[in-house]
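The following exercises concern strand pairing and the relation between two chains. Please work through each task before reading its solution.

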2 protein chains.
Amino acid sequence: MSKYADRYFEVNPWNVIENGFNPEYSEVSESVFSLGNEHMGLRGYFDEGYSGKSLQGSYVNGVYERIITEKSGYKGIPDTLEFLINSADWVYTRISCKGETLDLAVSKISDFTRVLNMKTGELKRSFMWHVDGETVISLTFSRFLSMKYTEIGASKLEWEFIRGKSELNVSAGLDFTRKHMNAGEDGVNFWTGISEAGTHFCYSEAETKSTKQKLYASILFSKEGEAQVTEPLKPCVNFTFNENGSFYRLVCISKTKNTDVFEMLSKHTYESLFAQNCEWWQNQWENSDIVIEGNIDDQQGIRYCVFQMHQIVHSGKESVAIGAKGLTGEAYNGNTFWDTETYCLPFYLFSNPGAVNSILRFRLETLPQAMERAKQLDCEGAFYPIATISGTECCTLWQHANTQLQPSTAVAYGIWHYARVTGDENYLKTQGVKMLVEICRMLATRGGYDQATGNYGYYGVMGPDEFQLMVNHNMYTNYMAKKTFEFTVETVKKLNDSQLAQLNLKKGELEGWQEKAEKMYVKFDEDTLLYEQHAGYFSLPHVDVNSIPVEDFPLYANWSYDRIYRNDMIKQPDVLMFMCLYPSDFTYEQIAANYDYYEPRCIHESSLSPSVHSILASRLGRDDKAYEFFKFASRMDLDNYNRNTREGLHMPSIAGSWMNIVYGFAGLRSDEDILSLSPRLPETWENLSFRLLHRGVSLDVFISRSEIFLRASGDNEIRVKIYGNVIIPDEKGVRVPYGCLEGYKRGL
Amino acid sequence: MSKYADRYFEVNPWNVIENGFNPEYSEVSESVFSLGNEHMGLRGYFDEGYSGKSLQGSYVNGVYERIITEKSGYKGIPDTLEFLINSADWVYTRISCKGETLDLAVSKISDFTRVLNMKTGELKRSFMWHVDGETVISLTFSRFLSMKYTEIGASKLEWEFIRGKSELNVSAGLDFTRKHMNAGEDGVNFWTGISEAGTHFCYSEAETKSTKQKLYASILFSKEGEAQVTEPLKPCVNFTFNENGSFYRLVCISKTKNTDVFEMLSKHTYESLFAQNCEWWQNQWENSDIVIEGNIDDQQGIRYCVFQMHQIVHSGKESVAIGAKGLTGEAYNGNTFWDTETYCLPFYLFSNPGAVNSILRFRLETLPQAMERAKQLDCEGAFYPIATISGTECCTLWQHANTQLQPSTAVAYGIWHYARVTGDENYLKTQGVKMLVEICRMLATRGGYDQATGNYGYYGVMGPDEFQLMVNHNMYTNYMAKKTFEFTVETVKKLNDSQLAQLNLKKGELEGWQEKAEKMYVKFDEDTLLYEQHAGYFSLPHVDVNSIPVEDFPLYANWSYDRIYRNDMIKQPDVLMFMCLYPSDFTYEQIAANYDYYEPRCIHESSLSPSVHSILASRLGRDDKAYEFFKFASRMDLDNYNRNTREGLHMPSIAGSWMNIVYGFAGLRSDEDILSLSPRLPETWENLSFRLLHRGVSLDVFISRSEIFLRASGDNEIRVKIYGNVIIPDEKGVRVPYGCLEGYKRGL
């Protein structure tokens, strides 16, 4: 069960470095060297093509295709698959010399390096091409995505004849003709359209086949060549070079047509855009860098995570559904899951409140689909999907799609958490409440009353722990529903008449939610301090998870499907999950009791699992255990721990490692009126520092083994609890002694 | 919810009569007029073809095709679909006169009658064909399947020029080219092969495409014509007739090649085979007729059921899996379910013990597939399929296939019941025990122990009530498993050393089963006398089944799939089911308590449901309720109560109506050493009589409202309990007064 690193890249605090090209890691590298700017994602594949293993992915946020699967004959079982598809390969470049086409699977090369610079967001690759015994050419490819103008990307090629002068033929342009490999054995291309090319530009208007989404792709080259359009969606410009030199291209990939696009592009250069990007990243790092002294592995790891979090969403301009792989691969169909609000949101809440808007907007924009889904499930209100790209439920396994209520309660949690942290009452009363009310309507119609006791709760559900299927009174579901009812009722009561009128509340509806919240079955045993994960969980046959042979993993492949569901083994935290989301609701002793009971039963077959356990272990002062669970979190992809990084990066795990550090080792709690910190540093860390943006204040946190130094700058006053004691840091800073476990417990 | 008759056929004690042809009932008629002889099934479709709605089905026992569905990625989820397919249309006949081809969807006809004679097994159809104003021809089609030579069928055509003489052109032969309509929109034909035709014969050798099953079809005509083979699998002989006359054909459909087939056929004639059939049926009716005086509807209904039961299996020559539609249609893919042993077996046990062999053999022959299936499910031993045609699990819904243990416990029950009724210890010790042991191995590895109490039972199962999915300690499953363990241990203990050696019992295996039987969780509440259907059932939200609007049915189509599973509504008997299978285990009061609790919660969405409720209502002396549940059971297909008779006959329901009368109204119990009867006649019935064959004795039972008359003939003595009192009927007969409820209770 223990995971181990498959280290390939050089460890370096600010860069990801590949020295020498190993084809066995080609797809892993493509994932790790992915660039993104919220609007676009571009895997680190080779501009010049590559005949070896490769996923030449370039994606646009929200551009997907759809397949309708066979109807099941049962009502409410989803039949729609929507999946992120490859759009234009805009770094498309084919290079030949002396009749040989450059292909790193075949060509003779030396001095290969590839470097992702996290300070600038630029990816640079260079090598020597030994064309034959006489000719050696040095080639350097650079690329970045503009963070300011998110429709724009840039790439540059530099060459130098190191030995023997020759003619370099370069064909460069756009390619919409690649096949999407997740849609059948031989792949399917989902684009139709037309193209145009000129001496220094390429242009395509492309449309997806079934979803009819349009993309307008325009490239402006810095040099002139000969236009060539061989296929309707593959415009190129051909160049011939006899001297050392370079050229670059700027691309604009837009969902809307802009007749002035080339004029717009001509106002920029590679260098001018790059300079803006450096500035942008400098600002981001100032506000969100995490500095770890004492452990360079962890330092690089967490920087890489923060870098990726900014790449996936930052501008607040587009609504963003954070896919399981972001825009770095096609696994999980590019769908987003319920971890967006629970795992990803906190990072943005404290480092880029503007980006939060993108995430919250996605759920508001897709409220109609969630309401449609609720109808399919014979519920009122809104039932948010477990897997989606457009808002439509795309998980065709009914046993997940129909029984998991956590996407809906996560949306409510996200709204609550956003309002809690930002104090944005206006958003809550005008936008958030619309979703809250519809979620409550669903929760009030999906549940039922125990005919023996009158308790309210949910029957036939699957909680976050996906190893317990079709259970009753899953404690997470019940707990989150109770919280959702309570918060919604509280919010509605604060509305003014015109706000209230918009909700069309039925007579008695609010009272019904209140009653259900009161009667919600949340069973807590006063003697053992335990919450039972679901009705009957304590009576399940016991499995010693440590006795499961390593070759049985992954269990879904090696255990009969139903076998997974009939014992007390859990896949990921469930009771511990709501304890992690609402930490202030529970005492140290309660967390300890439930942690001690459930942790040994958990096999962590979800990448969401270790960080939650690590956060709680920190909270309990179990530092070794906390670090053991954290160990590979921040380097999951850099060191390919799960051996599937080739499919794309693990976005929720990336988000989870930020939470792991800030909520775990720094002990942040953000579920009360006031922020709390209760730091516990891992043994190898000398110190840890980071900044939290909070209600107009920049709160710098510096934690060493002797003291905690807090400094606040901004217009407002901020109060923070450290180990339970309220302090008010200012611009000069306040020092507090590093806490011991006892102090910690008091803080809790 | 109440069903009502769609009466089309004439009510008649010995015949099914259609007077005048109504195209709207064409497919219903095809089903109702189906013929079968265990080896073959032939729907009552028109020999001459029909361009209206029709399912021209002719089937051969055990001839099927296979589709492998997409792999799910999870282990143990079935991916094989096997389905009964159409084989040769051997009554293929095309008739034309004056350029018009006879087609009852188009042609002008009069005086149409179609009659199925249940005394002879012959189906006869006649009408006048008004070819034009001048020409009228009388046509009569007759057919039957030989019950003695089950590979042989016969059909005859008679014609008479009533008005205007003309030339009648007849093309007759074999047709393997029809498309199977369940395999895709346009249908697929699954046969390849070659054919031959001569002046008086047709011959085809055909093979199924993926399962590579061979069929050899040979037709011998009583007249000579001109051979014609237009397609590889469609040999014909063309005849021209100018005079009144007739001709017949004999067909042999065999799974093995017989070079003497035409010589063999030439030894028979339509009349000689028909005479043998009449004799055969006379003998069957003598032994198994049920005579009801006072209600001709019920009389015809139950005769039709008995007729169909003999048609589906009788000879004991082939192993037979009784499909949900027998050989009368393709719905449910021709698959057999767990009702074979629980619903169908009893009829044969008491009316044709030879046929029982066919049913039991099927499970023994498919033991290897059941053992393979157990492995897929991470169990030892044998896991019998919920839906199958070859022994392979063909239910691709994992939620049924992986969680329903009742096919396996039903096989064990069938073996126990067979041994109980027949006393055939030899079968039990040499064949039955092999299955019992493998079923116990599965039951011992599929279950688990409650970690809180140490009770044994089954987790993540679905009992017979398919509205409660993934439950723990389903009482039916636990009860049947306990019974299976106990009976197997008892049986194994009686074996001699060589019998024992064959079983390869592991050390402690027997003791393990005994321990599990003892620790089996079968919770009975001494106060309420109730068994809880599963752990937590009494705490489910309650649904008043009578408040569900009629337009919500069928629920699978109108309720969200998961909604069905989260309340206390049940689809069919579960606790009441095991009470029905082991009636002597329970007191009158226990049955009454559980009946009163579960019956109001049951919506009877399974055709297996009403008969069980009727049997128990009879047992409780609730005569009105008993008859209400029985009302349409015996006429389900004759009156198309479910409006889907066009798809084929409801075989388990047909078997259930026999049980309903014999186990219900006559109050038979066969789970003790001695047979018991406790008759309660429905109000409209004057009397009821039938014969039971039991251990070499023919026991004639005559029940009137004043007395019960029992007469036994045979070599052995038989003891029978009537209302609890043992009597020993002889050839002269014994009379016992008809019982009152109190007497009945004592009997129970």
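Two strands are taken as paired if DSSP finds at least two bridges between them; strands (E, at least two residues) and helices (H or I, at least four) are DSSP runs, numbered from the N terminus. This is a predicted model: local features need pLDDT of at least 70, side-chain atom pairs count only at pLDDT 80 or more, and totals for chains, interfaces and linings use all residues. Residues are numbered from 1 along each chain as its sequence is written, and chains are lettered from A and ligands numbered from 1 in the order in which they are written.

**Exercise 1.** Determine which residue stands opposite B:Gly41, and describe the sheet concerned.

*Solution.*
Step 1. Strand E3 (residues 40-42) of chain B pairs with E4(B) in the antiparallel sense, over three bridges.
Step 2. In E4(B), B:Tyr59 is the residue opposite B:Gly41.
Step 3. The open sheet has three strands in the order E2-E3-E4 (chain B), with antiparallel pairing. Strand E2 (35-36) and strand E4 (58-60) of chain B each have a single partner strand, so one side of each is left without a neighbour in the sheet.

**Exercise 2.** Identify the operation that superposes chain A on chain B.

*Solution.*
Step 1. Superposition is by least squares on the C-alpha atoms of residues with pLDDT of at least 70 in both copies.
Step 2. A rotation of 180° with 0.0 Å of shift along its axis achieves the superposition, with RMSD 0.0 Å. This is the relation of a two-fold axis.
Step 3. In chain A, the C-alpha nearest the axis belongs to A:Met470, 3.2 Å from it.
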